[in-house]
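Hi,

Here is the structure I promised you. Have a look below, and then read on for what I found in it.

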Amino acid sequence: MRVLILGGDGYLGWPTAMNLAAAGHECCVVDNYLRRRIAEATNSEALLVAPSLTERARVFAAVSGHEIAVRIGDLNDSDVMFSIVREFMPNAIIHYAEQPSAPYSMRGFREARETLRNNLDVTFNCIWAVKDIVSDCHIVKLGTMGEYGTPDIDIEEGWIEIAHKGRKDTFLFPRAAGSLYHTTKILDTDLLWFYVRTYGLRVTDLMQGPVYGISTNEADLDPRLSPNFHYDDIFGTAVNRFLVQAVARVPLTVYGGGGQTRGYLALRDTLQCVRLAAEKPPARGHLRILNQFTEAFTVNDLAERVKVVGDKMGLDVAIASIPNPRKEKEEHYYNPVHSGLIDLGLAPHYMTEDVITDMLERIIENKDRIVSERIMPRVRWS
Ligand code: USQ
């Protein structure tokens, strides 16, 4: 397939591009380095130094023999989106090109507006480019499990049948996000659903939980191919943050009561899921929604897992509950269905002690690069 990866510089975008290229697909990545600019402006730079996309594509071609085309441009600009789609004529577009941080989206008016505009404009431009130029192309859009929030009923995969006053119909599952960032993903889903049912587009919306990990088959070929591994309060996800905190000897920052449950997955499994979704597209006129995570934990469970392994490695890990900077339920029911990707062929990698040990070892090698000011939460919801 010819696969266009929007947001190809990101924590997930770059490893996805290498993985798809290694599987024999022709790949082109596009990015405007928005995340790098935000990271610089907010003192939230990643632990591992990632060279520019052009440089990483050069290194990857040298070590693997697989070429990845690179385009630097702002996909908020419809001319940029349209000209890249016209030039590359993709069979599939993987759309990661969004401002991905919940805390950043809650930092103030400017950041909220930037998140809203960026995320919706890129999705809108992507939809129109597909509709007008490559109408058979499959859009694989990264959504988030956070679209559903934490309702007191089981979460289905995107859709729910509702019986009401003697009649029934199927609707998008009710959504209730906990940040403006997560809300932009709900709005994306609504836009996609409108254009799917009106123009017969072919779309997969992947409701992904927080991702953790550093290693992938391709990233491990050369240190310069590593993903942007963040541990800061802006871009770092819970597991990656806890691992770095353990190495930095900072008590693990459990927000509030720590009973918040989320569905997590390893970076390797994101790659599997995205590839399976891309290689097995839905029919035209279908919005396929899949819940993308492999195991659910509370924040307290996660902290405990990191502590058990960290202590065995002599890190003497402490855990501290700190006031929750977010507005979210700290005790709640959580039981989302997640069988769709398994049915497509996903073989999950779980968060074993070995996996945690490997990540801690890698972080220990880069210990001198940890900046402690990036660890404590700097953004509050209210
Ligand atoms: N948390 C802590 N301590 C920390 C960091 C987080 O207790 O130091 C808690 C949060 O309060 C939350 C949970 O851990 O309850 C997950 O937080 P997170 O920062 O790992 O994840 P989140 O901000 O929700 O966002 C991340 C990605 C986002 C993706 C989302 C999936 O940044 O792009 O969409 O995970 S999900 O969480 O399922 O919505």
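Tyr 212 has Ala 266 in S11 as its bridge partner. Keep in mind that this is a predicted model, not an experimental one. That residue pair belongs to a wider match: S9 (residues 211–212) and S11 run parallel to each other, with two bridges between them.

S11 has a second partner as well. With S13 (residues 295–298) the sense is antiparallel, and four bridges hold the pairing. If you want a place to look on screen, find Gly 263, which sits opposite Ala 296 in S13.

So is S11 buried or exposed? Five of its six residues (261–266) are buried, so the strand is largely enclosed by the rest of the structure. For that count, buried means under 20% relative accessible area.

While you are in that area, click on Ala 238, which is part of helix H8 (residues 238–248). Setting aside neighbours within four places in sequence, Ala 238 is in contact with Tyr 264 and Leu 302. Its relative accessible area is 25%, so Ala 238 counts as partly exposed, since the buried class stops under 20% and the exposed class begins over 50%. For a sense of scale, the C-alpha atoms of Ala 238 and Leu 75 are 29 Å apart, and 163 residues separate the two along the chain.

Now for the big sheet-level picture. Which order do the strands of the open sheet take? There are seven of them, paired in parallel, and they go S3-S2-S1-S4-S5-S8-S12. The edges are S3 (68–72) and S12 (287–292), each of which pairs on one side only. Going from one strand to the next, the twist averages 20°.

At the S3 edge, the neighbour is S2 (residues 26–31), joined to S3 in parallel by five bridges. One residue pair to pick out there is Asp 31, whose bridge partner in S3 is Ile 72.

Two helices are worth a look against this sheet. Helix H3 (residues 53–64) lies across S2 and S3, and its direction makes an angle of about 175° with S3. Helix H7 (residues 180–199) lies across three strands, namely S5 (138–144), S8 (202–208) and S12. The angle between H7 and S5 is about 150°.

That's what I have for now. Over to you!

Cheers

Key
Residues numbered from 1 in each chain as written. Predicted model: local features only at pLDDT ≥ 70, side-chain atom pairs only at ≥ 80, totals over all residues. Heavy atoms only, no water. Buried < 20%, exposed > 50% of the residue type's maximum accessible area, 1.4 Å probe, protein only. Pairing = 2+ DSSP bridges. Axes fitted to C-alpha atoms, helices over the stretch in contact; angles between N-to-C directions. Contact = heavy atoms within 4.5 Å.
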